[in-house]
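Trainee: I'm new to this one and would like a close look at a single part. Could you walk me through it slowly?

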Amino acid sequence: MAKDPYIVLGVKRDASDAEIQKAFRRAAKKSHPDLFPGDKKAEDRFKELNAANDIIGDPAKRARFDRGEIDAGGAEVRQNPFARGTRGGPGGFSGGFPGGGPQGGFGQQAGGFAFEDLSDLFGGMFRGGGGHQGPPEDTRFKLEVDFADAATGATRRVTLPGGKSLDIAIPAGINDGQTIRLKGQGNQGADALVEVKIKPDPMYRREGRDIHIELPVSLGEAVLGGKVEVPTVHGPVTITVPHGANTGSKLRLKGKGVAASKKDPAGDQYVTLKVVLPKVPDPELEEFVKTWAAKKPYNPRG
């Protein structure tokens with residue numbers, strides 16, 4: 001049997017809609033399944049919170065629950081307000097009408113009660129109590145994605161704050177901080193707004209739809225040229241280092257930048273070469289350069 005949603009969320013029965021949502025979000029964050037993988041108790045608690053919020057987090061359902069028309073699980077309650085012992089609402093009442101039942105008539109104070117008393121007894125059922133204070137707020141949360149996924153596009157399965165799991169399409173070329181709107185996937189049918197955070201990558205740097213990378217090459221590869229493998233967000237490719245390449249030389253890989261979208265063509269990847277000497281000094285290389293430099297002096301700073 002479902003627990004009283006007010007007790008589950010720890011709010012008073014006269015709490016505002018905003019107070020209920022605040023209490024739900026605070027409690028849901030502490031019990032989110034992603035924080036306690038494999039913990040059955042945390043999972044059950046999270047489901048319990050969502051079930052409670054589904055009842056009193058929805059102004060229409062909350063009004064019906066307060067009037068006793070539905071129970072804590074959202075099931076319809078069969079009501080006969082004139083039958084002795086009927087439970088009139090979540091708080092309940094028994095023993096029929098005060099003063100011995102309805103035979104005294106609504107308008108009689110002796111043995112019955114006035115119409116105004118009946119309205120009070122049923123928590124405003126005849127007044128249409130429990131108003132709606134405005135549309136539900138959008139649900140907001142953040143999603144962290146890898147640099148390559150943001151560049152080429154990807155699909156990620158996530159669990160929304162309301163407990164629902166779904167696949168989110170990350171469009172190719174999405175920018176850091178950009179928001180994806182999921183229609184009707186938030187609390188109470190509101191939208192879910194997913195703010196995408198792109199993880200920094202130590203290798204790649206993005207400018208618009210182009211990607212830049214610095215590629216170390218050996219002295220031999222720079223002087224003599226040769227083929228080397230270069231990483232890209234689409235997978236490794238082989239490039240030819242030109243004969244006599246230098247640090248700062250830039251090569252272009254067409255179409256290997258951010259993937260094409262409906263509106264924009266694919267970007268390019270630019271590879272900047274960086275000549276790197278051996279970590280351990282080589283005596284033979286030192287001797288060669290000493291002799292060579294004496295014969296072929298030049299000023300690179302000129």
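In which sense do β6 and strand β7 pair, and over how many bridges?

Mentor: Before we dig in, keep in mind that this is a predicted model. Now to your strands: β6 and β7, the latter covering residues 210-217, pair in the antiparallel sense, and they do it over 3 bridges. For one concrete contact, look at Arg205, whose bridge partner in β7 is His212. The two strands make a hairpin with 2 residues between them, and in that hairpin Gly208 takes a positive phi near 65°.

Let's carry on across β7. Strand β11 (residues 269-275) is joined to β7 by 7 bridges, and here the strands run parallel. His212 turns up again, with Tyr270 as its bridge partner in β11. So you can follow a path on screen from Arg205 to His212, and then from His212 to Tyr270.

Next comes β10. β10 and β11 are antiparallel partners, paired over 4 bridges, and Leu253 stands opposite Gln269 of β11.

Put the strands side by side and you get an open sheet of 4 strands in the order β6-β7-β11-β10, with mixed pairing. At the edges sit β6 and β10 (250-253), each of which pairs on one side only. From one strand to the next, the twist averages 30°.

Now go back to the β6 end, where there's an aromatic story as well. A search of the whole structure turns up 3 aromatic pairs. One of them is Phe147 with Tyr204, a stacked pair at 5.6 Å centre to centre, with 10° between the planes. Why call it stacked? Planes under 30 degrees apart count that way. Phe147 belongs to helix α6 (residues 147-152), while Tyr204 is in the loop between β5 (192-198) and β6 (205-207), so this pair ties together parts that are 57 residues apart in sequence. Are these two rings' residues buried or exposed? Phe147 counts as buried at 11% relative accessibility, and Tyr204 counts as buried too, at 13%.

For contrast, try another aromatic pair, Trp292 with Tyr298: this one is edge-to-face, at 6.3 Å centre to centre and 75° between the planes. Trp292 is partly exposed, with a relative accessible area of 38%, whereas Tyr298 is exposed at 61%.

To retrace the main route, start at the loop holding Tyr204, step into the β6 and β7 hairpin, and then cross the sheet by way of β11 to β10.

Notes. Residues numbered from 1 in each chain as written. Predicted model: local features only at pLDDT ≥ 70, side-chain atom pairs only at ≥ 80, totals over all residues. Heavy atoms only, no water. Phe/Tyr/Trp six-rings, centres within 6.5 Å; stacked < 30°, edge-to-face > 60°. Buried < 20%, exposed > 50% of the residue type's maximum accessible area, 1.4 Å probe, protein only. Pairing = 2+ DSSP bridges. Axes fitted to C-alpha atoms, helices over the stretch in contact; angles between N-to-C directions.
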